[in-house]
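Visitor: Could you walk me through this structure?

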Amino acid sequence: MKYKKQYLYSKFERFWHWSQMLLVLLLTLTGFEIHGNLSIFGFETAVRLHNASAWSFMGLALLSIFWMLTSKQYVNFIPTKNKLKEQVQYYTSGIFKGMPHPTHKTLFNKLNPLQRITYAGLLILIFPVQIITGVAYLYYHYPANPIDAEGLRMAVAAHTMGAFLVVAFVIVHMYMTTTGYSVSANVKAMISGYEKEPQHEDEANKKTELQ
Amino acid sequence: MNSTLEKIASFIVVIILPALVIYFTVHFGLKRDEPVKIEVPLKSDTTPKVNHGEFEILQQKFVNPKDVTAACLSCHNRRDDELMKSTHWLWEREAEIPGRGKVKIGKMNIHNNFCTGAQGNNGSCMRCHIGYGWEDKSFDFNDATNIDCLVCHDKTDTYFKQKSMAGWPATEATATKEFPVPDYNYVAANVGYPDRDNCGVCHFYGGGGNNVKHGDLEEALYHTTKKVDVHMGEDGQNMVCVDCHEAQNHNIKGRSYSVGAENTNRLHCYQCHTNAPHNDKVLDYHNSKIACQTCHIPVYAKVNATTLYWDWSTAGRRDANGNAIKEYDADHNYSYLSIKGHFVFDNMVKPEYYWFNGTVDHFLRDDTIKDSPVQINSLFGDYSDPNAKIWPVKVHRGKQAYDPVYKQLLSVKLFAHNKGEGAFWEDLEWEPAIRLGMEYNNRPWSGEYDFIETEVYWPINHMVSQKEETLSCTDCHTREKGRLAKLNDFYLPGRDYNKLLDYSGFAIIILSLLGVIGHAILRIF
C-alpha cells in the first residue's frame, strides 16, 4: 500500500497542544479540588496552582491567537456544513464497517466538519467564558459596583459548567485520536508533525474538495 | 540526518517546552513572599520624663484621694476637661443608629446581658467608673476632683478601688486586709502610662468575675505567652493595652460594641500591619470581606473560661436551710448561683461568625420587645454591604426578667450594702428588686414579670494567635461543617455548589464516557 506522508502540525502547534494539554489537566484537577470534588494538592496549593496555570493558559492563548492570525491557520476552525452529513454518517455507521474517512487532512484543512464545530465551540464559547469568569473571580472582588454580579453566582455557575464541558471534551477528544487511519496515527502526528495515511489510487488523484 | 534533527525538534516541542511551561507555572504559582514585618515604637517602652517623687505637692499628707486629683490637676491642667468628655467618665456617648437617629447610649442607660444594667446598682457597678463615689444620681459629673487619676496611672500595683464602694479606695474606716488604705505618696510618686493591670482591673472582670463578659480579655493576660496572645506574650512583643489603644487627649482608641454603636474611633489591625500584610495576593484579597480577626483568632477564652449562657430565670433558689446555693461544673466554673441563676462557661471557644460593618443597634432601655430572643445588641452588615466583613463574635445568650404586660426588659436592683433593702443579691426576692430597680430608673412596671431569651454580640479582637495557629483555607472552604456554614448570603468556593448544575455536569461526563466506550465496542466487534 502507498502512504501519503504530509507535514500537518508545526513545531509551535505541537508545543501549544501539549502545553495546553498539561495546563488543562492541571486546571481541571485543581479546579475540581477547589470545587470540593477532589483532594490531591490541598486546597491552598490547588488555588495557587489554578491561578498560576490560568495565567499560563491565557499567555499561551495569546501566543496561539497570534500564530493563528499570522499563519492563517485559523481557517481550520471555521465551521462548515460541507460534508458534515457524511462525517456524521461515518462516525455513526461507516467507521464500524471499515469505510474510508469521508474527508482528508491537509495543512489548511486539518479538521473534519464535526471537529470544526466542536473546536470552534471550544475556542469561541468555552475558553472565553472560562477566562472571563475566571478573571472576574480573580479580580472583581466582592462585586457590587459598577455591576452587581450577586457575588458572581452566575460567573461561578458558568465557570463550573465550562469545566464539566472541558472534561467531556477531553474524554471524547482522547477517544477520537484512535479513529485515525490507525489507532495511534493521530497521536503520532501530534508528536512528529507528520501524518501518514494510506493512499488509494483514486484518492491520490483527487483534489481536496474543501478549502 | 534530517529525520534525527526532526526527532530532536519534536522531543523539544512535545516534551521539553511543555514541561518547562508547567515547571514555571508551578514554580511561580507556589512562590510566596515573606509577610510584612513591622517595627512600631511602643508606648510601654517610654521612660518617664520626670520623677514625680520629687514634686513637693505630691509629698503632702493625703487623706482624701480627691486631694491627690487636685494635686495632679495643679500641674496637668485642662486634663480634667478632656477626661470629663470621655466615655470612661460619662458612661455614655452620642451615636447615630440607623433607624433610630441620634441616641445617647452607654452603661448610663442600656441593658446588658450579664448583670442586666448598672443604674441602681451603683455601689457595685460604679467601682469601675473612673470617679470617686458615684453612689446615686447625685454624683457631680462636673467636679474635677471626682476623677480618679490613680486607678489608671498607678504603676505600683498597690492602688485599688474597694469592692462595693462606688469607686472609692479604702479609707481608715473601711480598710480590710484585701483592701488597705493606699499609700498615696508612694502611688503618686510612681505614676505613668497605664499598664495591663490598670486596664485589666476593670476590663478583665466585667460581669462579676474574670472573663465573664469579653471572653478574649481576662486576667491570664497579665502574664502570658505569645501562644495565648501574640501581641501581649511576654516571650514575644510583650505589648500592653495602651500600645495599641493609644490615647490622644485622654480619648482612647478602640470601640466596644457592647456599649458603642458607631464606626468611629476604632482601632484597626491595618494601622500597624497595613492592608496587605501577607504580601500575598490571594490572602490579602480576603481582607476586603474578612476581618483579620476571623482567621487570626481561631479560638478565644484560651486560658480561663468565659460565660456563654446566663439564665436569670432560675435565680433565687435556696437550700434546705434557706441559704444561697453555689454549684460548679466539672471545670470548677460556677454553673449555678442563687444570686444569678444558671451559667454555661467554656474555654477554647470557637467564635460564631457574622457580617459586621462597624455599626450596631442596641436594645434601648425603654424599647418594646417584639421578638424572642431579644437582641440586646445586633451587628449591622451583610454580604452586599461594602463596609461589612465577616467577624468572629462571642454570642452570649441568656434569659432576663421582662414585663410581660408592657413588653419591656426590667431594670433590677441587684446590689445593696445590707439585707432587707430589697436588693436581689441580698434578699433573693424578685418583686422588690424589680420594683426598686424600675423606680430608680423612673420606669413604669405592670407588677408582673417573666423571663425571656436574650442575646448579645461581642466581636472578638484579642488573643490573636501565632501564625501557625491561624485558620487554614479548609476551615471555611469545605463542603461540610465549615466555620462559615451558617453565613449563606454569598457563594463560597469549596463550600457551595449548585446541585442541579453539578449533577448535570457529571451526567454529561458520564454520558461522554459511555458514548466513547459504546462506540469503541461497536468498532471492535
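Guide: The chat below goes from the contact between two chains to a pair of helices and then to a core. This is a predicted model, in which local features need pLDDT of at least 70, side-chain atom pairs count only at pLDDT 80 or more, and totals for chains, interfaces and linings use all residues. Residues are numbered from 1 along each chain as its sequence is written, and chains are lettered from A and ligands numbered from 1 in the order in which they are written.

Visitor: How many residues of chain A are in contact with chain B?

Guide: On chain A there are 42, and they meet 40 residues of chain B; contact requires C-beta atoms, placed from the backbone, within 7 Å.

Visitor: Which element gives the most to that side of chain A?

Guide: That is α5(A), with 12 residues. Helices here are DSSP runs of H or I with at least four residues, strands are runs of E with at least two, and both are numbered from the N terminus.

Visitor: At what angle do α1(A) and α5(A) pack?

Guide: The angle is about 135°, and the axes are 11 Å apart. Axes are lines fitted to C-alpha atoms, for helices over the stretch in contact, with angles from 0 to 180 degrees between N-to-C directions.

Visitor: Which residues make the contact?

Guide: α1(A) supplies V24(A), T28(A), G31(A) and H35(A), while α5(A) supplies T160(A), A163(A), V166(A), V167(A) and V170(A).

Visitor: New topic: what is L414(B) in contact with, leaving aside neighbours within four places in sequence?

Guide: Its partners are C115(B), N121(B), A423(B), F424(B), W425(B) and A433(B).

Technical notes:
Contact = placed C-beta atoms within 7 Å.
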